[in-house]
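Work through the exercises below with the structure in view. Try each task before reading its solution.

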Amino acid sequence: MSQTPSSSSHLQAIFNASIKEYQKKTKKDLLLHPLMGQLQTCNSPADILAVLRTQVQQFEQSTSGDDKLTKWLNPTVNVLYAFSAALGEGVGLVFSPAKVIFAGAGVLLLAAKDVAASQDALIEIFERIESFFRRLEEYSEVPTTEAMKDIIVKIMVEVLGIFGIVTKEMKQGRTKRYLKKLIGRRDVEDALVRLDRLTQQEVQMAIVQVLKVAHDVKAGVQTVGEQVQGVDDKVNLAVEGTFIALATHKYHRKLIFN
């Protein structure tokens, strides 16, 4: 389904505002960040995962070497990449929304690398986000409606907003005690709750869409079946008529020659 100009403009305005809000919090322009240059050349989730894993590895080497952070990557990248494609790879932007968010994730990892107390808090946040996207992963290929696109953009806005809040705190070099309380912060927790609700709504909409597609397919198959049955009936009648005609012809020949 193609987007109408008004719908596209609406989605573009929402995401543009989220980028500006992120820049206001972090003092970082994601569209000009070096990571965007790397991500812009990526043409698949696998390419994006390769770029982000480099950032994760740098972070893990600076801390305990734990690989928990890598677990959030696959479902998050797969779903966001599919979402971005469903929106038309850009929502009117030069860069796709997904790639902007991935750049935000990379910036967050770079900021956290220099804060020794950040790993536990960051892992908890990424695990929460990963759990939301894992529930969406199996529905990422479902045909997208206009209502679903609106939810998708809001989901992307929430993720970028969370990255912005956490990046700001990491850059300010908060203490270990403060960072441990990061999840409990009202702004972070509220954003995670909104993200949870939005992903649940998206799942519900996707299920409805799957059922609709299945119903349409069933109706189509039934129609084809009825048409085939109609053809079969006509063929059967034609065959029966042929046999009757042949039988009648033989009967008349028998009468004539007898």
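**Exercise 1. A lysine in a helix**

Is Lys99 buried or exposed? Give its helix and its contacts as well.

Solution. Bear in mind that the model is predicted.
- Step 1: Find the residue. Lys99 sits in helix α5, which covers residues 97-113.
- Step 2: Take its relative accessible area. The value for Lys99 is 8%.
- Step 3: Apply the cut-off. Buried means under 20% relative accessible area, so Lys99 is buried.
- Step 4: List its partners. Setting aside neighbours within four places in sequence, Lys99 is in contact with Met36, Leu39, Gln40 and Cys42.
- Step 5: Check a separation. Lys99 and Gln38 are 61 residues apart along the chain, and 9.8 Å separates their C-alpha atoms.

**Exercise 2. The whole chain**

Describe the protein chain by its helices, strands, burial, contacts and surface.

Solution.
- Step 1: Count the elements. The protein chain has nine helices and zero strands.
- Step 2: Read them in order. The pattern along the sequence is α-α-α-α-α-α-α-α-α.
- Step 3: Look at burial. Of the 258 residues in the protein chain, 40% are buried.
- Step 4: Look at sequence separation. Take the contacts between residues at least 6 apart in sequence; 79% of these join residues at least 24 apart.
- Step 5: Turn to the surface. The accessible surface is about 13,900 Å², and carbon and sulfur atoms account for 56% of that.

**Exercise 3. Helix α4 against helix α6**

At what angle do α4 and α6 pack? Classify the arrangement and sort the residues that meet.

Solution.
- Step 1: Take the geometry. The angle between α4 and helix α6 (residues 119-137) is about 55 degrees, and their axes lie 8 Å apart.
- Step 2: Classify the angle. Angles of 35 to 65 degrees fall in the oblique class, so α4 is oblique to α6.
- Step 3: Give the hand. The α4 and α6 crossing is left-handed.
- Step 4: Name the residues. From α4 come Asn74, Pro75, Thr76, Asn78, Val79, Leu80 and Phe83; they meet Ile129, Glu130, Phe133, Arg134, Leu136 and Glu137 in α6.
- Step 5: Sort them. This contact has seven nonpolar, three polar and three charged residues.

**Exercise 4. Helix α4 against helix α7**

Repeat the analysis for α4 and α7.

Solution.
- Step 1: Take the geometry. Helix α4 (residues 73-87) and helix α7 (residues 146-171) have axes that come within 10 Å and cross at roughly 135 degrees.
- Step 2: Classify. That angle makes α4 oblique to α7.
- Step 3: Give the hand. The crossing of α4 with α7 is left-handed.
- Step 4: Name the residues. Leu80, Phe83, Ser84, Ala86 and Leu87 of α4 meet Lys149, Ile152, Val153, Ile155 and Met156 of α7.
- Step 5: Sort them. Eight are nonpolar, one is polar and one is charged.

**Exercise 5. Two residues, two settings**

Examine Phe15 and Lys27 in turn.

Solution.
- Step 1: Place Phe15. This residue belongs to helix α1 (residues 5-26).
- Step 2: Judge its burial. Phe15 has 1% relative accessibility, so Phe15 counts as buried.
- Step 3: Check a separation. Phe15 and Val157 are 142 residues apart along the chain, with their C-alpha atoms 6.3 Å from each other.
- Step 4: Place Lys27. This residue lies in the loop between α1 and α2 (34-40).
- Step 5: Judge its exposure. Lys27 has a relative accessible area of 68%, so Lys27 is exposed.
- Step 6: Check the backbone. Lys27 is not a glycine, yet its phi is positive, at about 65 degrees. Most residues other than glycine have a negative phi.

Methods
Residues are numbered from 1 along each chain as its sequence is written. This is a predicted model: local features need pLDDT of at least 70, side-chain atom pairs count only at pLDDT 80 or more; totals for chains, interfaces and linings use all residues. Side-chain values use heavy atoms; hydrogens and water are left out. Axes are lines fitted to C-alpha atoms, for helices over the stretch in contact, and angles run from 0 to 180 degrees between N-to-C directions. Helices (H or I, at least four residues) and strands (E, at least two) are DSSP runs, numbered from the N terminus. Angles under 35 degrees count as roughly parallel, over 145 as roughly antiparallel, 65 to 115 as roughly perpendicular and the rest as oblique. A crossing is left-handed if the near helix is turned anticlockwise from the far one by less than a right angle, and right-handed if clockwise. Contact means heavy atoms within 4.5 Å. Ala, Val, Leu, Ile, Met, Phe, Trp, Tyr, Cys and Pro count as nonpolar, Asp, Glu, Lys and Arg as charged, and the others, Gly among them, as polar. Buried means under 20% relative accessible area, exposed over 50%, partly exposed in between (1.4 Å probe, protein chains only). Accessible areas come from the Shrake-Rupley method with a 1.4 Å probe; for residues, only the protein chains shown count as cover.
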